[in-house]
Amino acid sequence: MDETSGLLERLKRALGGRSLEEVFPTPRALVGFEAAVASSVDGVLAQRAVEKLRAGGRLLPAEMEALEEGIRRARPALRIEKERLPFLASPGLDDAVRIVIEASLPGIASVGWSWNIPWATAFQVAPRVLVTCAHVAERLLQDNEALARGHFVARFDADEHREERVVPITGVLARHPLEDVAFLEMASDGPLEQGLRLAREPWLSRDGRVLGVGYPIYSDGNPPWVDALFENVYAVKRASPGEVLGVECARLFHDCTTLPGNSGSPLFDLRTGLVVGIHAAGQFAWRNTAVSTRAIHEVAQLRSFVATWG
């Protein structure tokens, strides 16, 4: 299956029986700022792209971008409140898997300045240990004085059973020798007794369903329709469903909707509820890269930081 025909199949799965017209807003249905955003979105272009693909034609870059936008509109990153997965973020999810993932959500934190300015995501893998991206760790180390004074924190959301917990980050324990993954140490325990459970050997095929969970933040580089997609609410925990686009050695490629701030987000396998990747980078509305948990398990020092493996 080539990239363009695969794009049509992904769109079909994302729509789930809906039409493109249902996921692209129209100016008549919106007012004010949202109407201005809607006017910049070319749903007609996306529909023409579908028709061209069905006729065996080749897409222009703008047409491919319109279809990728349609996929993200069909399955947006939905806000998580009180550590419960929104149903629309995971339709058809097995109840047992939902329980596993929801039990993991309290251990996912925003990372940023202590005065509530987040810029990344991390998650617990042991009482006082977080996993995030190496480039996030490097940003911490660029200001050792702020790190020593406790100005960098992990902020865990409140839920029905817990108050918000803000824990200073005290240092970087280790970094992967090749991949964009690092382990951070906290000054005290996070909300989970052990942490999220990581897969030793993720068995993921192309089109496998995954879920990214993190704290997307605003960026000037985003296209204007993104504000409508996120309802102008950023830096809150969101669940972003997607698919695996490919696997290459220690890396997974996926199409979950991510923004700056999602670096370090766990990627859950929706068959098992296990974490299979750490989101590291992406080209918006095209393809994202995550580091496979296999890369962590293969390094003895890093493997020892993780309390539970599956």
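Strands are DSSP runs of E spanning at least two residues, and they are numbered from the N terminus. In this predicted model, the loop between β2 and β3 (117-126) holds Asn116. Asn116 is not a glycine, yet its phi is positive, at about 65°. Its relative accessible area is 51%, so Asn116 is exposed, the cut-off for that class being over 50%.

Glu83 also has a positive phi without being a glycine; the value is about 55°. Glu83 sits in the loop between β1 (78-79) and α6. Its relative accessibility is 3%, so Glu83 counts as buried. The cut-off for burial is under 20%.

The loop that holds Glu83 leads to α6. Helix α6 covers residues 95-104. At the start of α6, Asp94 places a side-chain oxygen within 2.9 Å of the backbone nitrogen of Ala96. Buried positions in the helix are Val97, Arg98, Ile101, Glu102 and Ser104. Viewed down the axis of α6, these buried residues fall within an arc of 155°, so they line one face of the helix. Asp95 and Ile99 are exposed and lie on the face turned away from that buried side. The buried residues of α6 pack against three strands: β2 (108-113), β8 (209-214) and β11 (266-269).

Helix α7 spans residues 134-141. Ala134, Val136, Ala137 and Leu140 are its buried residues. Their arc around the axis is only 155°, which puts them on the same side of α7.

Strand β10 and the loop after it supply several buried positions. His254 belongs to strand β10. With 1% relative accessibility, His254 counts as buried. The side chain of His254 makes a polar contact with that of His279, at 3.2 Å. Beyond four places in sequence, His254 touches Val210, Glu243, Val244, Leu245, Leu267 and His279. Arg287, Asn288, Thr289 and Ala290 are also among the residues that His254 touches. Between His254 and Arg206, the C-alpha distance is 9.2 Å, against a sequence separation of 48 residues.

Cys256 lies in the loop between β10 and β11. It is buried, with a relative accessible area of 1%. Leaving aside neighbours within four places in sequence, the contacts of Cys256 are Val210, Gly212, Ser240, Pro241, Gly242, Leu267 and Asn288. Val244 is 12 residues away from Cys256 along the chain, and their C-alpha atoms are separated by 8.7 Å.

Ser265 is placed in the loop between β10 (251-254) and β11. Its relative accessibility is 2%, so Ser265 counts as buried. The Ser265 side chain reaches the backbone oxygen of Asn262 at 2.6 Å. Residues up to four places away in sequence are not counted in the following contacts. Ser265 touches Thr121, Phe123, Val213 and Gly214, among others. Gly277, Ile278 and His279 are also touched by Ser265.

Phe230 is found in the loop between α9 (225-229) and β9 (238-248). Its relative accessible area is 1%, and Phe230 is therefore buried. Apart from neighbours within four places in sequence, Phe230 is in contact with Ala77, Pro216, Arg238, Thr257 and Leu259. Phe230 and Glu65 are 165 residues apart along the chain, with 18 Å between their C-alpha atoms.

The second largest pocket has a volume of about 260 Å³. It is lined by 17 residues, of which Arg79, Asp157, Tyr215, Val236 and Lys237 are the closest to its centre. By class, the lining comprises 9 charged, 6 nonpolar and 2 polar residues.

Methods:
Residues numbered from 1 in each chain as written. Predicted model: local features only at pLDDT ≥ 70, side-chain atom pairs only at ≥ 80, totals over all residues. Heavy atoms only, no water. Buried < 20%, exposed > 50% of the residue type's maximum accessible area, 1.4 Å probe, protein only. Helix = DSSP H or I, 4+ residues; strand = E, 2+ residues; numbered from the N terminus. Arc of directions from axis to C-beta. Contact = heavy atoms within 4.5 Å. Polar contact = N/O pair within 3.5 Å; in protein donor to acceptor, adjacent residues only side chain to side chain. 1 Å grid on protein atoms, 1.4 Å probe; cavity = no way out; pocket = protein on both sides within 12 Å on 5 of 7 lines; lining within 4 Å. Points joined across faces, edges and corners; volume = space filled by probe spheres on them. Nonpolar A, V, L, I, M, F, W, Y, C, P; charged D, E, K, R; others polar.
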